[in-house]
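Please examine the sequence and the three-dimensional structure shown below. The paragraphs that follow lead through selected features step by step.

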Amino acid sequence: MIRVLVTAVTAAAALAGLAVLVGTGSWRSAMRVLLDLLTAAGLLRLAGGQDWPDLAAAAAIVLLRRLLWAALTAGAPPGRVHNPPQRAPDAPG
């Protein structure tokens, strides 16, 4: 049962990531959604088996997600600062 649920969450992760990419056009947001849902799938897998290899796999998934997100945000451009248009010096006002 857990294996089916993990597979369903993994498939939902791919679909949700694609939907976010199409809806927002932001690949970073899509990657964030994908990584979060894949982390959930890894933690569900841990619920199915509770021995050391399963715990190590879940820890590796969480670590990989954190490292990937840190790498993606390190190269992110800073937020755009919106500067209002400047008035011409001779404009009344």
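Which residue's side chain meets the side chain of D36 in a salt bridge of 3.7 Å, N to O? The partner is R32. The structure in view is a predicted model, and every value given here is computed from that model. As a general principle, side chains of opposite charge can pair when their charged atoms come close.

The position of this pair deserves attention. Both D36 and R32 belong to helix α2, where four residues, or about one turn of the helix, separate them. With a relative accessible area of 32%, D36 is partly exposed. R32 is likewise partly exposed, and its relative accessible area is 32%. Because buried means under 20% and exposed means over 50%, a value in between is described as partly exposed.

D36 also takes part in a salt bridge with R65, in which the closest N and O atoms are 2.5 Å apart. Here D36 is situated in helix α2 and R65 in helix α3, which spans residues 52-74, so this salt bridge ties together parts that lie 29 residues apart in sequence. R65 counts as buried, since its relative accessibility is 14%. The structure holds two salt bridges, and R32, D36 and R65 are linked in a network of them.

The next topic is the arrangement of helices. Helix α2 covers residues 27-48, and its axis comes within 8 Å of the axis of α1, with a crossing angle of roughly 175 degrees. Angles over 145 degrees count as roughly antiparallel, and α1 and α2 are therefore roughly antiparallel to each other. What kinds of residues make up the contact of α1 with α2? They divide into 19 nonpolar residues, five polar residues and one charged residue.

Nonpolar side chains also appear at the surface. L18, L21, V22 and W27 make a nonpolar surface patch of about 420 Å². Which helix supplies the largest share of this nonpolar patch? Helix α1, which runs over residues 2-24, contributes that share with three residues. One of the residues in helix α1 is L18.

Two features may be kept in mind when returning to the model. The first is the network of salt bridges that links R32, D36 and R65. The second is the roughly antiparallel arrangement of α1 and α2.

How values were computed: Residues are numbered from 1 along each chain as its sequence is written. This is a predicted model: local features need pLDDT of at least 70, side-chain atom pairs count only at pLDDT 80 or more; totals for chains, interfaces and linings use all residues. Side-chain values use heavy atoms; hydrogens and water are left out. Patches are made of residues with over 30% relative accessible area and no salt bridge: like charges are joined within 9 Å, nonpolar side chains (Val, Leu, Ile, Met, Phe, Trp, Tyr) within 5 Å. Accessible areas come from the Shrake-Rupley method with a 1.4 Å probe; for residues, only the protein chains shown count as cover. A salt bridge is a side-chain nitrogen of Lys or Arg within 4 Å of a carboxyl oxygen of Asp or Glu. Helices (H or I, at least four residues) and strands (E, at least two) are DSSP runs, numbered from the N terminus. Axes are lines fitted to C-alpha atoms, for helices over the stretch in contact, and angles run from 0 to 180 degrees between N-to-C directions. Angles under 35 degrees count as roughly parallel, over 145 as roughly antiparallel, 65 to 115 as roughly perpendicular and the rest as oblique. Ala, Val, Leu, Ile, Met, Phe, Trp, Tyr, Cys and Pro count as nonpolar, Asp, Glu, Lys and Arg as charged, and the others, Gly among them, as polar. Buried means under 20% relative accessible area, exposed over 50%, partly exposed in between (1.4 Å probe, protein chains only).
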